[in-house]
Amino acid sequence: MRTTLRRTVGALLATTLAVGLSACSPGDAPTAGGGNPGSDGDGSAFPVTVEHEFGETTIESEPQRVVTLGWGDVDNAIALGVNPVGYARSADYPGLQPWARDAAGEIDAVDLGSASEPDYERIASLEPDLIIDVQGGTDDEQYSRLSSIAPTVARPAGTNVWQVNRAPATRQIARALGRVEEGEQLLTELEEHIARTTARYPQLEGKTGTAVLVSDPGTYYGFQNRDGRGEFIETIGMRLPESIAARDDGSSFSVQVASEEVAMLDGDVVLFLTDDQNFVPTEYNQLFGRFSAELLTLTSTERQAISVNTPLSISYALDTLVPRIADAVRD
């Protein structure tokens, strides 16, 4: 494989360690290690060249040891039949999220911890032949260090960190893995699932809703549709309140809302994302008591499902979270 950069980046850090992971035994499901016995890939798609924010990466042959670093990158790899040898996760909870566990079957992959800062030595110790960091926060320096370990595919050109929507992320990863058709099939099946769900809950159509991160009792962040949490609102037929959409200046995927400004979050439903599963909005801010919107506190799993924003995670949210929202906004 080779990686070609279109712009000058910092000097490459030659980080190599002699530690490797032994291959796993083949099984009915795709496995991590020295190949992907349960996948449909036959290598015929390679070589492939993937353009991204830092240039382009050419992958000469079908990768056998994949490491994923972006929030939902592990989901997309698994859904495409490739179980990584290592993955970074989107949350402080160890291990794969339930939708990824269900799809992966038996998997022996290294949990690399938070996606916010790559652990270069641990990544190198896995001896990857491809690193995927599409739904992450990679900058020039991080990309340089990662590509010194193995060919690295980053987010699509022209997209900002943490702002790659569901379909572009899935397609970018599918191309890197030589599984373009499988990627399109994933997206088609999800669209069919969305259509069935919205038909089952027609009361959602046209309603307003906001996914809100609770940073502390006095600060809130309402997500725009460039973020998975905002995209989910629109996915199920709802729309963002005009007061939130109007404050989108293109520089961020969320709008910071002070405690005295929370009226702009009002609508038909507000989804609160917080680490406190017993969070009661009105106990933190009495202004929420004046809302006409229904106030729902998401579970940690529901929160992650709409945050990582992959075909697997959104399918989970369609089955588990949407019925709750539909009940809340029932006509």
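This report walks through two sheets, some empty spaces and a few single residues of a predicted model.

## Before you start

The model is predicted, so local features need pLDDT of at least 70 and side-chain atom pairs count only at pLDDT 80 or more, while totals for chains, interfaces and linings use all residues. Residues are numbered from 1 along each chain as its sequence is written, and side-chain values use heavy atoms, with hydrogens and water left out.

## The parallel sheet

Let us begin with strands. Helices (H or I, at least four residues) and strands (E, at least two) are DSSP runs, numbered from the N terminus. Two strands pair if DSSP finds at least two bridges between them. Strands of a sheet pair through backbone hydrogen bonds, either parallel or antiparallel.

One open sheet has five strands in the order β6-β5-β4-β7-β8, with parallel pairing. β6 (110-114) and β8 (152-154) stand at the edges with a single partner strand each, so one side of each has no neighbour in the sheet. From one strand to the next, the twist averages 15 degrees. Angles here run from 0 to 180 degrees between N-to-C directions, and axes are lines fitted to C-alpha atoms, for helices over the stretch in contact.

Within this sheet, β4 (residues 66-68) and β7 (residues 130-133) run parallel and are joined by three bridges. Thr68 stands opposite Ile132 in β7. Helix α4 (residues 140-149) lies across β7 and β8, at about 150 degrees to β8.

## The mixed sheet

Another open sheet of five strands follows the order β11-β10-β9-β12-β13, and its pairing is mixed. Its edge strands, β11 and β13 (294-297), each pair on one side only. With direction ignored, neighbouring strands of this sheet are turned by 30 degrees against each other on average.

Five bridges link β10 (residues 219-223) with β11 in the antiparallel sense. Here Thr219 stands opposite Ala258 in β11. Helix α7 (residues 228-235) lies across β9 (209-216), β10 and β12, and runs at about 155 degrees to β9.

## Two residues to look at

Is Val270, in strand β12, buried or exposed? Val270 is buried, because its relative accessible area is 0% (buried means under 20%, exposed over 50% and partly exposed in between, with a 1.4 Å probe and protein chains only). Leaving aside neighbours within four places in sequence, Val270 is in contact (heavy atoms within 4.5 Å) with residues including Thr210, Val212, Phe291 and Leu295. Val270 and Ala211 are 59 residues apart in sequence, yet 6.1 Å apart in space, C-alpha to C-alpha.

Glu261 sits in the loop between β11 (254-258) and β12 (269-273). Its relative accessibility is 31%, so Glu261 counts as partly exposed. Beyond its neighbours within four places in sequence, Glu261 is in contact with Arg247 and Gln256. From Glu261 to Leu287 there are 26 residues in sequence and 9.1 Å in space, C-alpha to C-alpha.

## A helix and what follows

Helix α5 (residues 166-176) has several buried residues, among them Arg166, Ala169, Ile173 and Ala176. After α5 comes Gly178, with a positive phi near 70 degrees.

## Pockets and cavities

Rolling a probe the size of a water molecule over the atoms shows where empty space is left. On a 1 Å grid over the protein atoms alone, a cavity is a set of points where a 1.4 Å probe fits but cannot get out; a pocket is an open set with protein on both sides within 12 Å along at least five of seven lines, and lining residues have an atom within 4 Å of a point. Grid points are joined across faces, edges and corners, and a volume is the space filled by probe spheres set on the points.

The largest pocket holds about 300 Å³ of space. It is lined by 18 residues, and the closest to its centre are Trp71, Ser90, Ala91, Arg303 and Gln304. Helix α10 (residues 300-308) gives the most to this lining, with four residues.

The whole structure has three cavities of 30 Å³ or more. The largest cavity has a volume of about 100 Å³. Of its 13 lining residues, Trp71, Val74, Asp75, Arg89 and Gln97 lie nearest the centre. β5 gives the most to the lining of the largest cavity, with three residues.
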